[in-house]
Amino acid sequence: MSLTEPNRILVTGGAGFIGSHLCSRLLMRGCEVLCVDNFYTGRRENIEHLLGSPKFELLRHDVNFPLYVEVDRIFNLACPASPVHYQADPVQTTKTSVMGAINMLGLAKRVKAPILQASTSEVYGDPAVHPQPESYWGNVNPIGPRSCYDEGKRCAETLFFDYNRQHKLQTKVIRIFNTYGPRMHPGDGRVVSNFIVQALTGEPITIYGDGSQTRSFCYVDDLVDGIIAMMDTPADMIGPVNLGNPGEFTMLELAELVRELVGSSVEIIHKPLPADDPKQRKPIIDQAKQLLGWEPKVQLREGLTRTIEYFDGTLQTRSLNFARNMRMAS
């Protein structure tokens with residue numbers, strides 16, 4: 001069954017940044033969507049606008065526990081995805097990646113549903129190969145502060161491929177590179193949200209290290225296109241497939257662009273580089289182009305402009321709500 005036909009879709013982590021955009025897009029395609037989230041990092045405000053749809057259902061549930069529902073497709077996005085969040089409870093992060101994958105694969109096996117795993121470019125670690133193709137096995141520290149996420153996602157990929165080989169389950173794996181856009185959590189510690197919030201609030205923009213480390217930034221709408229395109233592929237298309245924007249920028253270039261777009265002259269300051277922070281990150285997306293017919297369309301300047309507008313509105317709303325609450329309290 002293609003996603004172009006109405007069917008019932010489960011999205012775990014559906015109230016998160018990427019998950020909420022995926023839920024919206026699936027509803028636009030006529031699907032019934034079951035959004036599952038335990039709200040550890042997901043936010044109700046991300047899916048508030050969907051609650052009135054008769055084809056949208058929200059279920060508060062932790063994927064570390066089995067789920068018994070009837071669905072036709074499963075997108076497994078449940079896991080804290082920013083260092084601030086996944087390092088806050090590293091044991092729980094590993095459990096969510098591994099036990100969550102086992103439980104969702106078990107559900108997929110029972111209902112005979114194709115299932116897609118949202119993996120990450122973090123499986124490449126601090127890469128010794130640049131840019132990174134899917135054939136690269138990575139350079140990951142298995143006992144470092146980021147390993148709860150990196151190794152958890154690597155184990156989840158293993159499980160998806162073993163369920164495919166052992167149980168003939170239709171599985172698909174994507175590796176998501178840095179993604180940004182509206183509905184990012186303002187306190188998630190990611191570089192785009194950090195820089196934008198700091199510039200909008202007049203705080204110095206904080207760069208870790210000398211600013212020469214690079215990342216590639218994919219706008220969320222482009223990413224969702226790629227996720228759905230991957231699920232639409234034939235059963236023998238398993239992956240993994242890199243999804244990201246191959247445009248590469250240094251942290252200093254990003255900070256200067258954010259300052260320009262915000263119209264701010266805040267200072268740029270430097271702090272020590274965190275442990276195991278990758279020096280370079282850029283995807284090779286030849287497989288996505290050839291097999292999915294996908295490549296990102298939104299350029300960084302355009303995507304940042306949209307994201308800044310979102311954060312500006314969010315921060316103003318929070319400020320007004322705070323002022324109103326203070327007046328009511330007095």
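Mentor: Helix α5 (residues 147–167) gives the most to the lining of the second largest pocket, with five residues. The model is a predicted one.

Trainee: Which residues line the second largest pocket, and how do they divide by class?

Mentor: A lining is read residue by residue, then by class. Here the second largest pocket is lined by Val123, Glu134, Tyr136, Trp137, Arg154, Glu157, Thr158, Phe161, Arg165, Arg175 and Pro240. Five of the lining residues are nonpolar, one is polar and five are charged. The space in this pocket comes to about 210 Å³.

Trainee: Pro240 is in that list. What kind of peptide bond joins Gly239 and Pro240?

Mentor: For a peptide bond, look at omega. Between Gly239 and Pro240 the bond is cis, with omega about 0°. Pro240 sits in the loop between α7 (220–231) and β11 (241–243). The bond from His130 to Pro131 is also cis, and its omega is near -10°. Pro131 belongs to the loop between β5 (115–120) and α5.

Trainee: Which sign does phi have at Phe39?

Mentor: For phi, check the sign and the residue type together. Phe39 is not a glycine, yet its phi is positive, about 60°. Its place is the loop between β2 (32–37) and α2 (44–47).

Trainee: How many cavities of 30 Å³ or more are there, and what is the volume of the largest cavity?

Mentor: A cavity, unlike a pocket, is a space from which the probe cannot get out. The count is one cavity of 30 Å³ or more, and the largest cavity has a volume of about 40 Å³. Two or more of its lining residues come from each of α4 (90–111) and α5. The lining consists of Asn76, Leu77, Ala78, Thr96, Ser97, Gln117, Lys153 and Ala156. By class, three of these are nonpolar, four polar and one charged.

Trainee: Now a helix pair. At what angle do the axes of α6 and α8 cross, and why are the two helices called oblique?

Mentor: Start with the axes, then the hand, then the contacts. The axes of α6 (residues 191–201) and α8 (residues 251–262) come within 10 Å and cross at roughly 40°. Angles under 35 degrees count as roughly parallel and 65 to 115 as roughly perpendicular, so α6 and α8 are oblique to each other. Their crossing is right-handed.

Trainee: Which residues of α6 and α8 meet?

Mentor: From α6, Val191, Val192, Phe195, Ile196, Ala199 and Leu200 meet Met251, Leu254, Ala255, Val258 and Val262 of α8. This contact has eleven nonpolar residues, with no polar and no charged ones.

Notes. Residues numbered from 1 in each chain as written. Predicted model: local features only at pLDDT ≥ 70, side-chain atom pairs only at ≥ 80, totals over all residues. Heavy atoms only, no water. Axes fitted to C-alpha atoms, helices over the stretch in contact; angles between N-to-C directions. Helix = DSSP H or I, 4+ residues; strand = E, 2+ residues; numbered from the N terminus. Parallel < 35°, antiparallel > 145°, perpendicular 65-115°, else oblique. Left-handed = near helix turned anticlockwise from the far one by under 90°. Contact = heavy atoms within 4.5 Å. Nonpolar A, V, L, I, M, F, W, Y, C, P; charged D, E, K, R; others polar. 1 Å grid on protein atoms, 1.4 Å probe; cavity = no way out; pocket = protein on both sides within 12 Å on 5 of 7 lines; lining within 4 Å. Points joined across faces, edges and corners; volume = space filled by probe spheres on them.
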